[in-house]
Amino acid sequence: MKKVVKFIQETFSTTEFIPLHEPKFVGNEKKYLNDCIDSTFVSSAGKYVDTFEKEFAKKVGSKYAIATVNGTSALHISLLLADVKAEDEVITQALTFIATCNAISYIGAKSVFVDVDLDTIGLSPKSLKGFLEQNCEVVDDTCINKTTKKVIKACVPMHTFGHSCRIQEIKEICDEWHIALVEDAAESLGSYYNGKHTGTFGKLGAFSFNGNKIITSGGGGAIVTDDEELAKRAKHLTTTAKIPHKWEYVHDEIGYNYRMPNLNAALLVAQLEKLDSFIISKRDLALKYEEFFSSNDDIDFIKEPDNSTSNYWLQAVIVKDRRDEFLDFTNKNGIMTRPIWKLMNELDMFKNSQCFNLDNSKYLEQRVVNIPSSVRL
Ligand SMILES: *Cc1c(COP(=O)(O)O)cnc(C)c1O
């Protein structure tokens with residue numbers, strides 16, 4: 001463990017505290033922010049929101065992108081647009097960040113948990129298929145959970161730490177079972193599966209630009225889709241459902257104030273310009289970690305899965321035993337490390353949710369630890 005601390009200090013060229021992930025502002029951030037302030041358009045209207053939406057859609061290869069106030073709201077609206085309603089069920093992975101399940105709950109829908117794959121740490125197509133075959137049937141083009149008699153409306157896989165899950169297989173299963181695919185791509189900007197950007201396989205995909213993500217607007221999110229109608233609805237719903245008019249306030253449904261302020265978009269446009277260089281740095285760091293941990297029998301570095309390219313947003317290792325000792329020793333020595341999330345079905349709010357076999361999730365929950373991952377310039 002002493003060797004690990006020494007290696008990370010050398011890699012980040014410091015013996016001071018090393019955080020898990022810190023943002024880097026080395027481009028046009030100040031210029032665009034000043035421009036924004038000088039123009040007085042700091043809030044809900046302004047050119048940076050439009051610029052960002054265009055540039056972001058181009059970057060991920062989707063037809064449309066809609067900026068939102070954070071990633072959770074992007075997920076919430078994506079699920080609404082996938083026609084998820086109160087009392088419907090949504091399948092997701094038990095090993096995810098809370099925001100995935102919070103968004104499902106905001107609609108009054110119920111999370112159902114399946115397992116992840118050991119290599120991708122993302123939703124397992126095998127587990128999904130197993131769950132559907134054992135518990136569900138399609139009636140009139142609708143997937144019904146035979147145990148609860150409820151409709152399974154959507155499936156939300158998550159690309160954990162920027163590693164793509166087997167999203168193509170998941171998409172095929174969802175199509176077969178008449179389930180809408182919504183991707184939680186909050187962590188995977190710049191990650192691809194078979195050359196196609198994560199978040200663009202499903203009907204809708206949600207991204208986050210929170211302070212700890214690969215690029216940040218302080219807080220922010222985006223919805224992507226190829227469907228023009230859904231894109232229009234997403235913009236409408238996230239902007240209080242106001243009908244455009246020179247002076248009148250007419251709203252045609254209950255909308256949300258989920259728009260991204262121009263100030264945040266200005267920051268984000270500058271950050272997006274730097275994304276490629278951030279990914280190069282992260283992939284280089286991953287190589288260094290991989291080589292270092294290859295000589296350690298107790299710790300395995302988590303590499304990008306087959307058929308994919310990872311942004312390596314958060315670097316992660318599997319500490320085979322004595323994980324808590326590893327966490328304690330590294331944190332005491334100024335190296336920030338953190339265990340992966342608790343399984344969602346272990347939290348009070350979701351303890352009654354239906355679960356399929358979660359062996360892989362349980363294995364990873366006990367062993368996965370994130371290690372310093374910041375971009376080094
Ligand atoms: C960060 C994150 C979100 C939500 O993002 P916010 O912008 O913080 O609301 C959703 N899902 C996952 C998996 C995340 O990591």
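Which polar side-chain atom lies 2.8 Å from a nitrogen atom of the ligand? In this predicted model, that atom belongs to Asp184.

## Polar contacts of the ligand

The side chain of Asp184 provides a polar atom at 2.8 Å from a ligand nitrogen. Two further residues approach oxygen atoms of the ligand. Ser208 does so through a polar side-chain atom, at a separation of 2.7 Å. Gly71 instead uses its backbone, where an N or O atom lies 2.7 Å from an oxygen atom of the ligand. On its own, the ligand has 380 Å² of accessible area, and the protein covers 92% of this.

## The surrounding shell

A total of 13 residues surround the ligand, and those that come nearest are Gly71, Thr72, Glu187, Ser208 and Lys213. Gly71 and Ser208 thus appear both among these nearest residues and in the contacts described above, Gly71 by a backbone atom and Ser208 by a side-chain atom.

Sorted by class, the shell consists of six polar, four nonpolar and three charged residues. As for its location in the protein, the ligand occupies the largest pocket.

## Domain organisation

The protein chain is divided into two parts: domain 1 comprises residues 2-24 together with 275-371, while domain 2 spans residues 29-273. Domain 1 is therefore made of two separate stretches of the chain, according to the domain assignment.

A distance of 25 Å separates the C-alpha centres of domain 1 and domain 2. The two domains also touch: 44 residues of domain 1 are in contact with 51 residues of domain 2.

Technical notes
Residues numbered from 1 in each chain as written. Predicted model: local features only at pLDDT ≥ 70, side-chain atom pairs only at ≥ 80, totals over all residues. Heavy atoms only, no water. Near = heavy atom within 4 Å. Polar contact = N/O pair within 3.5 Å; in protein donor to acceptor, adjacent residues only side chain to side chain. Areas by Shrake-Rupley, 256 points an atom, 1.4 Å probe, with all protein chains shown as cover. 1 Å grid on protein atoms, 1.4 Å probe; cavity = no way out; pocket = protein on both sides within 12 Å on 5 of 7 lines; lining within 4 Å. Sits in = over half its atoms within 2 Å of the grid points. Nonpolar A, V, L, I, M, F, W, Y, C, P; charged D, E, K, R; others polar. Contact = heavy atoms within 4.5 Å.
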